Amino acid sequence: MTMVMDKVERGIIISSLILVSLFVFSLLYAKNRYKADVPECLPYDKAYTEPKVNKLDEKTYQVFAVAAMWQFQPSEIYIPVGSDVDFYLTSKDVVHGFNIAQKNVNMMAVYGAINKTTVKFDKPGVYEIVCHEYCGVGHQNMAAQVIVNYPDAK
Ligand SMILES: [Cu+2]
């Protein structure tokens, strides 16, 4: 069986292959020879990589939250009543949701990006944080708590 291909078609296919090879070659050449910075698909903002809670003063806190399959860190945040809390949020993998029950907070945790919101907790209690963006088989277990003067938190 003989393959029949139009000459013009073959010419176009061959020249586009040459062009693509040339492009890939130049990219690799530039990367190695001139140490060019080739961007990755997702830029990762390294503003913070570890979850933590910072106490700025008696009534002001920063929470650096990291969402990952399938948990939030830190998972328990203890603060005194009347505190203003800046939540910074990022993800280690896929997109997760960040919803604080009883508070009007609805954020997305996105890999490579940081979202921020500020919440005032003026009533004692336990505020549940849940993931409200389906993120895989463990999605329903993704939760954390903001514990405000409860039961006797300092
Ligand atoms: Cu989820």
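Lys-55 is partly exposed, with a relative accessibility of 49%. In this predicted model, Lys-55 forms a salt bridge with Glu-58. The closest N and O atoms of the pair are 3.6 Å apart. Glu-58 reaches 54% relative accessibility and therefore counts as exposed, since the exposed class begins over 50%. Lys-55, at 49%, stays in the partly exposed class.

The structure holds 2 salt bridges. Side chains of opposite charge can pair when their charged atoms come close. Besides the pair of Glu-58 and Lys-55, a salt bridge links Asp-84 with Lys-120. Here the closest N and O atoms are 3.7 Å apart. Asp-84 belongs to strand β5, residues 83-91, and Lys-120 to strand β8, residues 115-121. The two residues are 36 positions apart in sequence, so their salt bridge ties together separate parts of the chain. Both partners count as partly exposed: Asp-84 has 30% relative accessibility, and Lys-120 has 41%.

A copper ion is also present, coordinated by four residues. Cys-131 and Cys-135 each contribute SG. His-139 binds through ND1, and Glu-133 through O. The distances run from 1.8 to 2.7 Å. In sequence, the donor residues follow the spacing C-x1-E-x1-C-x3-H. The 4 donor atoms subtend angles of 82 to 125° around the copper ion. A tetrahedral assignment needs all angles between 85 and 135 degrees. The value of 82° falls outside that window, so the arrangement is irregular. Two of the donor residues can be placed by accessibility. Cys-131 is buried, at 7% relative accessibility. His-139, at 16%, also counts as buried, because the buried class covers values under 20%.

An open sheet is formed by 5 strands. Their order is β4-β10-β9-β6-β7, and the pairing is mixed. Strands β4 (76-79) and β7 (105-109) stand at the edges. Each has a single partner strand, so one side of each is left without a neighbour in the sheet. From one strand to the next, the twist averages 20°. At the β4 edge, the partner is strand β10, residues 143-148. The two strands run parallel and are joined by 4 bridges. Within this pairing, Ile-77 stands opposite Val-146 of β10.

Definitions and conventions
Residues numbered from 1 in each chain as written. Predicted model: local features only at pLDDT ≥ 70, side-chain atom pairs only at ≥ 80, totals over all residues. Heavy atoms only, no water. Donors = N, O, S within 2.8 Å, 3.2 Å for Na, K, Ca; no water. Tetrahedral: all angles 85-135°; square planar, octahedral: opposite > 155°, others 65-115°. Buried < 20%, exposed > 50% of the residue type's maximum accessible area, 1.4 Å probe, protein only. Salt bridge = Lys/Arg side-chain N within 4 Å of Asp/Glu carboxyl O. Pairing = 2+ DSSP bridges. Axes fitted to C-alpha atoms, helices over the stretch in contact; angles between N-to-C directions.
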